[in-house]
Amino acid sequence: MEKSSKVQQSSQKIASTASGFQFRTPAGIQDFTDDPIKQKAMNNLWSNNLDGFIQQGMLNNPWNATNTPPTTNYYNPIDNNPPSNAANIKWGAYPGRLAYNFPNATQDQLNQMADTGQISGQISNSPCTTDGQQVAYFPYGPRGWQDEYCEWAITRNTAGKITRIDFTCENPEYWNSLWLIDPNKVLELYQTILDKPQITLADLSVPGITNPLTNQPVYNPLNKWNAGTVSDATKGGAIHLTSTPNTLQTEIGLATSSTIQRFNPPPANNTMWPSSQFNNLICVGQYGQRFRNSDPNIGGNVNNFVTQGMMLTLADPPGLYIQMPDFSNFKTPDGTDASAFWTIKRGSKTLNDQNGNPLPGNFILHAVYEVPASKGYTVSDITISGENINWGSQIAATFKMQIVASAYAGKMPNGYDPVGTPTPANTFAQPLQLFYQDYFDTLYNTNVPNPVNHPIPLLSNSTYVPAVINIGSVAMKMVVVAGTCTAKQGQPATYPAVTFDDPAITATVTAVKENVTYAIPGNSQPSTNTALYITVKTGASAKPGQHGVFVTNVGQSTQPAMPALFLVSPVTVQADIAWQNTGVILTANNKAAIKYSSGLWTANPQDNGGQLYNAAGNPTFIAAKPGYTMPGQNEGALIGKVGSTVFLVGMGATIPTGLTGEIQLCINDDLNGQYGAGLTDNIGSISVTIDVQ
């Protein structure tokens, strides 16, 4: 029912735009206010991600469904950004499917379910049909049941009274992207948002694997400080969304899919769906989850905009936003206004568009409800409509969530019959996600427990933020997950072709794993697909930027690529990271040269009048000390290494002959911080070209 035809992953490309438009970060938040270079990189990366998500959504599903044409009435502001009008779409933050599935439960029982996920009854795994099987309550995950794009974690005192509730609607894609720019910024934000200075970088990382280019830790979206609804000094918190359908890419996919007009009922020519039929529209269009507060309202309202002939997009900055609670029925023990205890940690009450015009609603990303200790009472001593606050869900029931749409007048599109299943001859392999191999293997083999005792792999909490492949990479080990793929494990004759939208990028399928089961991000339930292990080569002429992936079953014609699944980047070296891989691997017979291309950095912001410099290093020669990357050479110069052989690169160098292994690069600085800040205070990055013969 929910679409698995959308994709995402992340990188450093600055999106080339026809309109000159760049998406803003959620609520316009700027997390690197003290580092303009990193903030610019984050802004570029985020806008690029959103551009990719929209491309994926607008393509729809040409692989394994019928009546799923590319969208005509959804637009990408990157390509075309005419004047438009904004309107918000709201829904309840309280999990709507609980009351539907358990109509005989009391409100207190529902509140307990909403807070704890302790749900003993089973539900149908196919809400749109009568032949579904009974399964444990889904979505699965430590907060899976909180599936209205709002999740929360609760802190209680020793008496069991609530002292604090953290509410979040921040999308996981943003936090995965932020980690790519600077894991230490993610750590700092975790500590300050949750008021838990005890959090460490290791707490937030996936053990045993690193990013194959940066050698930096990999982010764990279900780390112990962002899992579940219990928060205390040793675990728990709510930084960003974790329920598998709670992603921004899902929102964009839902919005794009719901612009396709559906006959009501088929084969009539009427494409208008009243609000009472929004749940039926979801079944006909096969997007979202029936009986949620969110998906039917979002899909139905977007559909109605298009029925009026509108062209539509999610207004900038695209995001999911908490609205201010209705405090009118709150009562505190001492008469204090209950709204005084609501603190907006991230986001804002109001926001303007890029032209300075007010956008509708509130733009809250993270809020905390907490009574100061000086008051002598707790959140649980406050009442709502005469009932003490024993559950965080009682407060969630007092506020709405929203997205904001932006529309301008267009043409009424064609109508279509319900989404259907094609014949086998017209069913093609569907590229779904692309991962680094170590990432895929580790996350897929890590099962995460949940309150309904139905563990699923941590890979279900991956995102479509694109992986990065350097130009010149010769053997990047990756995995493509594909749906409706006919490949058979251990039978190379059945392996599909994996190709790209650039002939300079090639891949060899080395192995196949069948029956790979996890929740494709954006889906409420796990599905079973095929993992294709590939080795990717990126030639020197490969075009930097977003790239799509084709997967072609044996004996079938090539179908459209899934766009923006990965990013090709020039070899880029960050100033604040030790030895970084390039993906370029030499044999003893190779001859290779490295040449500075662009960018500026510094190994010490206090030197050179605070000005950055190029790969030659500090303009006033400073001999590197023992413990630096290359002692005796200029501080801040670019240094290379193959195996144990270290050499000066600077503005350009020929690599010593006879070396075997991967080329690694690093700024010439104090690697271990023995003289002070080491690499941590460095700023900037440089890019190089590597020519191998």
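How many of the eight residues of helix α7 are buried? Keep that in mind as you open the structure, which is a predicted model, and start the tour at this helix.

**Stop 1: helix α7**

Select residues 278–285, the stretch that makes up α7. This helix is mostly covered, with six of its eight residues buried. Show the side chains of F278, L281, I282, C283, V284 and G285, and you have the buried ones on screen. To see what they lean on, add residues 261–262 (β8) and 294–307 (α8): the buried residues of α7 pack against both of these elements. Now step just past the end of the helix to Q286, where the backbone takes a positive phi of about 50 degrees.

**Stop 2: the disulfide**

Stay with C283 and select C128 too. The two cysteines form a disulfide, and their sulfur atoms lie 1.9 Å apart. The link joins distant parts of the chain: C128 belongs to the loop between β2 (122–124) and β3 (134–136), C283 belongs to α7, and 155 residues separate the two. Look along the S-S bond and you will find a torsion of -85 degrees, a left-handed link. The cut-off for a disulfide is 2.5 Å between cysteine sulfur atoms, and by that rule the model's count comes to one.

How exposed is C128? Its relative accessible area is 31%, so C128 counts as partly exposed. C283, by contrast, is on the list of buried residues in α7. While you have cysteines in view, pick out two others. C485 has a relative accessible area of 13% and is therefore buried; C666 is buried as well, at 0%.

**Stop 3: the β4–β5 hairpin**

Next, select residues 151–156 for strand β4, which is mostly covered, with five of its six residues buried. Add β5 (residues 162–168), which pairs with β4 in the antiparallel sense over six bridges. Together the two strands form a hairpin with five residues between them. In the turn, click on G160, whose phi is positive at about 85 degrees. For a cross-strand pair to display, try W152, which stands opposite F167 in β5.

**Stop 4: where α1 meets α4**

Now turn to two helices: α1 (residues 36–59) and α4 (residues 172–181). A pair of packed helices is described by the angle between the axes and the distance between them. Here the angle is about 140 degrees and the axes are 10 Å apart. Which word fits this arrangement? With that angle, α1 is oblique to α4. The crossing of α1 past α4 is right-handed.

To see the contact itself, show these side chains:

- From α1: K38, A41, M42, L45, W46, N49 and F53.
- From α4: E173, Y174, S177, L178, L180 and I181.

**Stop 5: a three-stranded sheet**

Move along to the open sheet whose three strands come in the order β11-β14-β15, with antiparallel pairing. Its edge strands, each paired on one side only, are β11 (330–331) and β15 (387–388). Between β11 and β14 (residues 383–384) there are two bridges, again in the antiparallel sense. Select K331 and look across to T383 in β14, which stands opposite.

**Stop 6: a four-stranded sheet**

Further along the chain is an open sheet of four strands in the order β28-β35-β30-β33, with antiparallel pairing. At its edges are β28 (571–574) and β33 (652–654), each pairing on one side only. On average, neighbouring strands here are turned by 25 degrees against each other, direction ignored.

Now select β30 (residues 592–602) and β35 (residues 683–692), antiparallel strands joined by 10 bridges. Within this pair, S598 stands opposite S687 in β35. As you look along the strands, remember that in a regular strand the side chains alternate between the two faces of the sheet.

**Stop 7: V649**

Finish at V649, in the loop between β32 (645–648) and β33. Is this residue buried or exposed? Its relative accessible area is 3%, so V649 is buried. Leaving aside residues up to four places away in sequence, V649 touches I594, L638, I639, G640 and L665. As a last exercise, draw a C-alpha to C-alpha distance from V649 to A588: the two are 19 Å apart in space and 61 residues apart in sequence.

Notes:
Residues are numbered from 1 along each chain as its sequence is written. This is a predicted model: local features need pLDDT of at least 70, side-chain atom pairs count only at pLDDT 80 or more; totals for chains, interfaces and linings use all residues. Side-chain values use heavy atoms; hydrogens and water are left out. Buried means under 20% relative accessible area, exposed over 50%, partly exposed in between (1.4 Å probe, protein chains only). Two strands pair if DSSP finds at least two bridges between them. Axes are lines fitted to C-alpha atoms, for helices over the stretch in contact, and angles run from 0 to 180 degrees between N-to-C directions. Angles under 35 degrees count as roughly parallel, over 145 as roughly antiparallel, 65 to 115 as roughly perpendicular and the rest as oblique. A crossing is left-handed if the near helix is turned anticlockwise from the far one by less than a right angle, and right-handed if clockwise. Contact means heavy atoms within 4.5 Å.
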